[in-house]
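Q: I've got a structure open and I'd like to know where the labels come from. Could you walk me through it?
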Amino acid sequence: VMPVEEVPEAVAEPLNGRVALDEDHTARLYSPVQGRAVKINGKVGDRVKAGQILMQMDSPELGSAVADVRKAEADLGYKKHALERSRQLYAHGVIAQKELEAGLADLAQSEAEAVRARGRLNNLGGSRSGESYSVRSPISGVVVDRQVNPGMEIRPDAPNPLFIITDPNQLWAVIDLPERDLGKVHIGQAINLMVDAYPDETFTGKVTSIGTLLDPVTRRIPVRCSVDSKQGKLKPEMYARITPLSDSQRKVLRLPNSALITEGLYTFVFAETAPGKLQKRRVVLGDQTREYAVIAQGLKAGERVVTSGAILINAELAEGQ
């Protein structure tokens, strides 16, 4: 026996969907350089901070970039001194202006090469300390996947990310919306979400994005919703039942179908009038899904109703009569 539940009015039947990572709060890490993993600091389930080192590796490619920077800077210093000597010689009439201009051109080339070498090193995210390269987390979150082990050869063109970092409290719910229901859903609309792991708990969210292309085979369109995971209860790739809610915020009474007794054209429930005393009462249904029915008439919010065993009670009542 449970009280009648009052819930927000839905505009469509529960839709099949799944929980997914919020890509706006997820980082998939690859290495920009080739090398070998030496030390792994990040493990699946670890909570990390932005800038924290997840892996250290030896990279001859990074060492080559460092050497290019040092070579370019050494050449730049030499060309600066050479140009200064050429200016002094030109001032005393020892060399022609052509030679001074050649020195200026050499210096410009050296400066350009130094800028290129430094830019490449900065893009790789390395330092000038040598061939040691550190893979760092760009965001704070939890390590949810790792595809690297000590000693593994690392390539920049690897098909899978080395690490996946995400904020477990920021999740998406993805719906494959049937074409017939497209007019019932809009951006900013509130939703309710239920999963099998917590059958008695309802999660809330709102629609944040509606796809622009309809799948020509399934006749469905992707809809993305942000959802409150309630301190990490929801997990990515969980299957979910997602119900779009009415903007009117009107409340309706809802009962599980197990509470309903159907006799001919009419529907009844057993309402508790006092502890241990039940009354068979006729109700009028509104919308009905595979699991729940909306009660349009016959009950009030908070009234206690038999939700499990109603069919058995009805059979015993018929035998008594």
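A: Sure, starting with burial: buried means under 20% relative accessible area, exposed means over 50%, and partly exposed is in between, using a 1.4 Å probe and protein chains only. Keep in mind that this is a predicted model, where local features need pLDDT of at least 70, side-chain atom pairs count only at pLDDT 80 or more, and totals for chains, interfaces and linings use all residues. Residues are numbered from 1 along each chain as its sequence is written, and side-chain values use heavy atoms, with hydrogens and water left out.

Q: Why is Leu-62 called buried?
A: Its relative accessible area is 0%, and the cut-off is under 20%, so Leu-62 counts as buried. Leu-62 lies in helix H1. Its C-alpha atom is separated by 7.7 Å from that of Ser-132, although the two are 70 residues apart along the chain.

Q: What makes H1 a helix, and how do you know that its length agrees with the expected span?
A: Helices (H or I, at least four residues) and strands (E, at least two) are DSSP runs, numbered from the N terminus. H1 covers residues 60-91, which is 32 residues. The expected span is 1.5 Å times one less than the number of residues, so H1 should span 46 Å, and its end C-alpha atoms are 46 Å apart, which agrees. Following H1 comes Gly-93, whose phi is positive, near 75 degrees.

Q: How do you know what the buried residues of H1 pack against?
A: Contact means heavy atoms within 4.5 Å. The buried residues of H1, among them Leu-62, Val-66, Leu-76 and Ser-86, pack against helix H2 (97-124) and strand S8 (132-136).

Q: Why does Ser-86 count as buried, and which residues does Ser-86 contact?
A: Ser-86, which lies in helix H1, has a relative accessible area of 15%, so it is buried. Leaving aside neighbours within four places in sequence, Ser-86 is in contact with Ile-95 and Leu-100.

Q: What about the span of H2?
A: The 28 residues of H2 should span 40 Å, and the end C-alpha atoms are 41 Å apart, which agrees. Buried residues in H2 include Leu-100, Leu-107 and Leu-121, and what covers the buried residues of H2 includes H1 and S8.

Q: What makes the pair of Tyr-198 and Phe-203 edge-to-face?
A: Rings of Phe, Tyr and Trp (its six-membered ring) pair if their centres lie within 6.5 Å; planes under 30 degrees apart are stacked, over 60 edge-to-face, and the rest tilted. The structure holds one aromatic pair. The ring centres of Tyr-198 and Phe-203 are 6.1 Å apart and their planes are at 65 degrees, so the pair is edge-to-face.

Q: Are these two buried or partly exposed?
A: Tyr-198 has a relative accessible area of 26%, so it is partly exposed. Phe-203, at 0%, counts as buried.

Q: What makes something a pocket?
A: On a 1 Å grid over the protein atoms alone, a cavity is a set of points where a 1.4 Å probe fits but cannot get out, while a pocket is an open set with protein on both sides within 12 Å along at least five of seven lines; lining residues have an atom within 4 Å of a point. The largest pocket holds about 910 Å³ of space. Its lining has 36 residues, and Ala-12, Glu-13, Pro-14, Thr-243 and Thr-289 lie nearest its centre.

Note on methods:
Grid points are joined across faces, edges and corners, and a volume is the space filled by probe spheres set on the points.
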